[in-house]
Amino acid sequence: MRKNLRWKAALILAVTGLCVWSFYPPEEKIKLGLDLKGGIHLIMKVNTEDALNAVTDEASEILGQSLDEESIAFDAIEKEEAGKLRVTGVDGTKDSAFRTLVETNFGSWEVLARGGGQWELEYRQAARSILREETVAQAIETIRRRVDELGVAEPVIAPHGDSGNQILVQLPGFDDIERAKGLIRETAKLELRLVQGRGFSEDQLLGGRPQPPGTEILSGIAETGGTDKYYYLVERVPVITGRDLKNARRSLDYDTNTPNVSFTLKPEAASRFQRETRANIGRQLAIVLDNNVVSAPVIQSAIYDQGQITGNFTVEEAQDLAIKLRSGALPASLEYQEERTVGPSLGADSIRSGVTASLVGLAAVVLFVLFYYRLSGVNAVIALALNVLILVAALAYFSATLTLPGIAGVILTIGVGVDANVLIFERIKEEMRSGKTPRTAISASFGKVFWTIFDANLTSLVAAVILFQFGTGPVQGFAVTLSIGLLSNMFTAIFVSRFIFDFVLSGRQVEALSI
């Protein structure tokens, strides 16, 4: 074997070996998409207005504290709507100090004087856009952490549509849609608040008296269990929030033998929790989840860094609550706009149909080239087989997900590969008809068709890249397999096919070629 053929053979063998290593075993290396494996498809809208409401409430509270610290008298701070605050009764002699305080500490807010001691604060449009983007990004990250806890392989969690507030979630292989929706949708905002009173109605709770400042009325389940509605008067500022948790896990209450959720706190929060519980022994501490009191145990002694959330949980509910607490609270509520499930049987049917179509197409192509080009057809078959192997191995190596449109891309790749071989073989036949020897005809043919094959594959590759860039979901899956197939086709049709011809003819005087 000539020296230049040796390194070509070594390169082809190395590529083949790498492909087999990357591809095998296929059931572990090839990841199937939702349409092949079955699963859940959800599109959700993020209610970014919730985040703006939360920012407005927080700004209202901080502004009140700041005005008190700076001794700037005022009557009230009212939220007119999300992103808009009205401050009334500001001391007229403190107008300059008020404006300076707001402009220094509330840069995202525009302050407007309305006269007579009234001021209006409005959240800037630029800040609203940033808040909206951050809220969606944070929601995606929170959902991703929750889905990861479910152990779903290759989930798709990404922005969706042009509105900027939609999220696409696809969970291949997961079929419990109600559990998935519950786990993803619930905000899971945890707070531990001291209780000032409780009762079966708000009237009973307040007893005709005005609601004390700094408190809030929340509903929940009666401490005795059951389904009776109960109301709690709790302090507005929580002792602990979900952001203070270091970990949460499902556990068992050995007294009642019921599932609950145990949590541990971060060091700084643990010190604060110990201080507050020591100072309030004998009082109830409400465990508030998404503004609902799930339980309100009495503080028996100082608690340091651990606690339990008790309630009428099932094992699965306790498990899901622990997952939600570990992954953090959603920054805004979610609204489901589209949901559908793909059954495993439908996915299996899709795989079977796709594989059958691929095999039938491949068999038809093989029979045609063997019949029409005789022994030279074997060359084309080897190049095609290596082409498909490289394509599948590349999908496995890059952890790409194979979808039904992706299988269509594989079939199209086979067709493009055959087209390249047909171009080469027909050119060889023309050169031989003009009187050239097989070796000369092969050399001339590959030289002449190179740019034709290159241009054809390159233009198709450009189209595939555009499809991937601007397409979504199935279109991108098709574009990925087509792109890889076109690149591998240029290698097998031009390099591998030429090597096979050169290898067969090396060291031999051949008068005719079986083509």
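**Exercise 1. In which hand, left or right, does helix 4 pass helix 6?**

Before starting, a word on the model: it is predicted, so local features need pLDDT of at least 70, side-chain atom pairs count only at pLDDT 80 or more, and totals for chains, interfaces and linings use all residues. Residues are numbered from 1 along each chain as its sequence is written, and side-chain values use heavy atoms, with hydrogens and water left out.

*Step 1.* Find the helices: helix 4 covers residues 48-69 and helix 6 covers residues 125-150. Helices here are DSSP runs of H or I with at least four residues, strands are runs of E with at least two, and both are numbered from the N terminus.

*Step 2.* Look at the geometry. The two helices pack at about 115°, and their axes are 9 Å apart. Axes are lines fitted to C-alpha atoms, for helices over the stretch in contact, with angles from 0 to 180 degrees between N-to-C directions.

*Step 3.* Name the hand: helix 4 passes helix 6 in a right-handed crossing. (Right-handed: the near helix is turned clockwise from the far one by less than a right angle; left-handed: anticlockwise.)

*Step 4.* Check who touches whom (contact: heavy atoms within 4.5 Å). From helix 4 come Thr48, Ala51, Leu52 and Val55, and they meet Arg128, Leu131, Arg132, Thr135 and Val136 of helix 6.

**Exercise 2. Work out which strands stand at the edges of the sheet with the order 13-14-17.**

*Step 1.* This is an open sheet of three strands with antiparallel pairing. (Strands pair if DSSP finds at least two bridges between them.)

*Step 2.* Strand 13 (245-253) and strand 17 (306-309) each have a single partner strand, so they are the edges, and one side of each lacks a neighbour in the sheet.

*Step 3.* Now zoom in: strand 13 pairs with strand 14 (residues 258-265) over eight bridges. Arg250, for instance, has Val261 in strand 14 as its bridge partner.

*Step 4.* Lying across strands 13, 14 and 17 you'll find helix 10 (residues 315-327), at about 170° to strand 13.

**Exercise 3. Classify the ring pairs Tyr230–Tyr232 and Phe368–Tyr372.**

*Step 1.* Rings of Phe, Tyr and Trp (its six-membered ring) pair if their centres lie within 6.5 Å; planes under 30 degrees apart are stacked, over 60 edge-to-face, the rest tilted.

*Step 2.* Tyr230 and Tyr232 have centres 5.4 Å apart and planes at 70°, so they are edge-to-face.

*Step 3.* Phe368 and Tyr372 are stacked, at 5.6 Å and 10°.
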